[in-house]
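User: I'm new to reading protein models and would love some help. Could you take a close look at the backbone in one part of this one and walk me through it?

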Amino acid sequence: MSAQTITCIGCPMGCRLRVLIAGGQVASVDGAGCGRGAVYARQECVCPTRMVTSLVRVQGRHAPLSVKTARPVPKEKIFACLQSIRAARVTPPVRIGDVIVADVCGTGVDVVATMACTEGDS
Ligand code: SF4
């Protein structure tokens, strides 16, 4: 059994959660001010995920396009996702929400545009 202390990011209260882990599973969570704390602790201690934001090169344009994953991806896949995003190129026009990289690194999560660009943009 091991113990871990993490800070819940569910709201500005930032409760300090004391988490006991046994057999790769969360056995108990103390210190949560509400039910979301235990949910967050189970996610963070067993299968942590993160949103990924980055930039993609645009053909014929100096300014890059900002993108993000549509949902959080497993933390251990962040670097591979960033490499995949770095290798991507887009051709205008692009609308907000367009899929730039589908199923990035086999996560089942798409990388989508967070800004639009047209052929006339520089
Ligand atoms: S446990 Fe609940 S009250 Fe505490 S930081 Fe998380 S969401 Fe906020």
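Analyst: Happy to! Let's begin with D103, which counts as exposed because 12 C-beta neighbours lie inside 10 Å, and the cut-off for exposed is 12 or fewer. Please keep in mind that this model is predicted. D103 is found in the loop between β9 and β10, the latter covering 111–113. Its backbone deserves your attention: phi of D103 is near 45 degrees, a positive value in a residue other than glycine.

Now move along to C105, which also lies in the loop between β9 and β10. Here phi is near 55 degrees, and again the value is positive in a residue that is not glycine. How exposed is C105? C105 has 19 other C-beta atoms within 10 Å, so it is partly exposed; a residue needs 20 or more to count as buried.

Next, step back to the loop between β8 (89–90) and β9 (99–101), where you will find P93. What is the peptide bond from P92 to P93 like? The bond is cis, and its omega is near 5 degrees.

To finish, here is a look at the ligand. The residues around the ligand include C8, G10, C11, M13, G14 and C15, and also A32, G33, C34, R36 and G37. Sorted by class, this shell has 6 nonpolar, 4 polar and 1 charged residues. When you turn the model on your screen, try finding D103 and C105 in the loop between β9 and β10, then P93 in the loop between β8 and β9.

Notes
Residues are numbered from 1 along each chain as its sequence is written. This is a predicted model: local features need pLDDT of at least 70, side-chain atom pairs count only at pLDDT 80 or more; totals for chains, interfaces and linings use all residues. A residue is near a molecule or strand if its C-beta atom, placed from the backbone, lies within 6 Å of it. Ala, Val, Leu, Ile, Met, Phe, Trp, Tyr, Cys and Pro count as nonpolar, Asp, Glu, Lys and Arg as charged, and the others, Gly among them, as polar. Helices (H or I, at least four residues) and strands (E, at least two) are DSSP runs, numbered from the N terminus.
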